[in-house]
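Student: Could we go through this structure together? I would like to learn how its labels are earned.

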Amino acid sequence: MIEKALSGVFKVVTDEAAGNPAFARRMEDALAKFAEDFVEKQRAEHRVGDFHPFIEFRKVTPAEFEARLMKFDPKELRVIVDKHHLDPASSLKPKASKKVLAAHILAVSQKRSERDAKL
């Protein structure tokens, strides 16, 4: 059922793109932007690697941890936040600055470390 519905939607889009060059150009631009964003996110995930903020926080002092976080760029910090679910309430703005992201990761890691120490 879903295959038939999607097939119908894609047919409408391809027919419109074939008959309307402006629409086709906008579709190409939108798809190119999506592809660029996807590639950038993949690169950021690769650069972050297996960095785990809770584990790394326990290895060094808070100042050293913050210095290490500042070595990442904002996209990489966002990957860390998303990967480790450090912002479940979505309180961070989508385009938060590097300093805000690093401070948030530091605060959450510190709270987690203090909580774990009590257990």
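**Rings, charge and surface**

Tutor: Gladly! Phe51, Phe57, Phe65 and Phe72 form one aromatic cluster. Keep in mind that the model is predicted.

Student: How many aromatic pairs does the structure hold?

Tutor: There are three aromatic pairs. In one of them, phenylalanine 51 and phenylalanine 72 are 5.1 Å apart centre to centre, with 70 degrees between the planes.

Student: Why is the pair of phenylalanine 51 and phenylalanine 72 called edge-to-face?

Tutor: Rings pair if their centres lie within 6.5 Å, and planes over 60 degrees apart count as edge-to-face. With 5.1 Å and 70 degrees, phenylalanine 51 and phenylalanine 72 meet both conditions, so the pair is edge-to-face.

Student: What parts does this pair tie together?

Tutor: Phenylalanine 51 lies in the loop between helix H2 and helix H3, and phenylalanine 72 in the loop between helix H4 and helix H5, so the pair ties together parts that are 21 residues apart in sequence.

Student: How do you know that phenylalanine 65 is buried?

Tutor: Buried means under 20% relative accessible area. Phenylalanine 65 has 1%, so phenylalanine 65 is buried.

Student: What makes the charged end of arginine 112 sit over the ring of phenylalanine 54?

Tutor: One condition is a distance within 6 Å of the ring centre. The charged end of arginine 112 is 4.4 Å from the centre of that ring, so this condition is met.

Student: And why is isoleucine 2 called exposed?

Tutor: The label needs over 50%. Isoleucine 2 has a relative accessible area of 55%, so isoleucine 2 is exposed. Together with Leu6 and Phe10, Ile2 forms a nonpolar patch on the surface.

Technical notes. Residues numbered from 1 in each chain as written. Predicted model: local features only at pLDDT ≥ 70, side-chain atom pairs only at ≥ 80, totals over all residues. Heavy atoms only, no water. Phe/Tyr/Trp six-rings, centres within 6.5 Å; stacked < 30°, edge-to-face > 60°. Helix = DSSP H or I, 4+ residues; strand = E, 2+ residues; numbered from the N terminus. Buried < 20%, exposed > 50% of the residue type's maximum accessible area, 1.4 Å probe, protein only. Lys NZ or Arg CZ within 6 Å of the ring centre and 35° of its normal. Patch = residues over 30% accessible without salt bridge, like charges linked within 9 Å, V, L, I, M, F, W, Y side chains within 5 Å. Areas by Shrake-Rupley, 256 points an atom, 1.4 Å probe, with all protein chains shown as cover. Salt bridge = Lys/Arg side-chain N within 4 Å of Asp/Glu carboxyl O.
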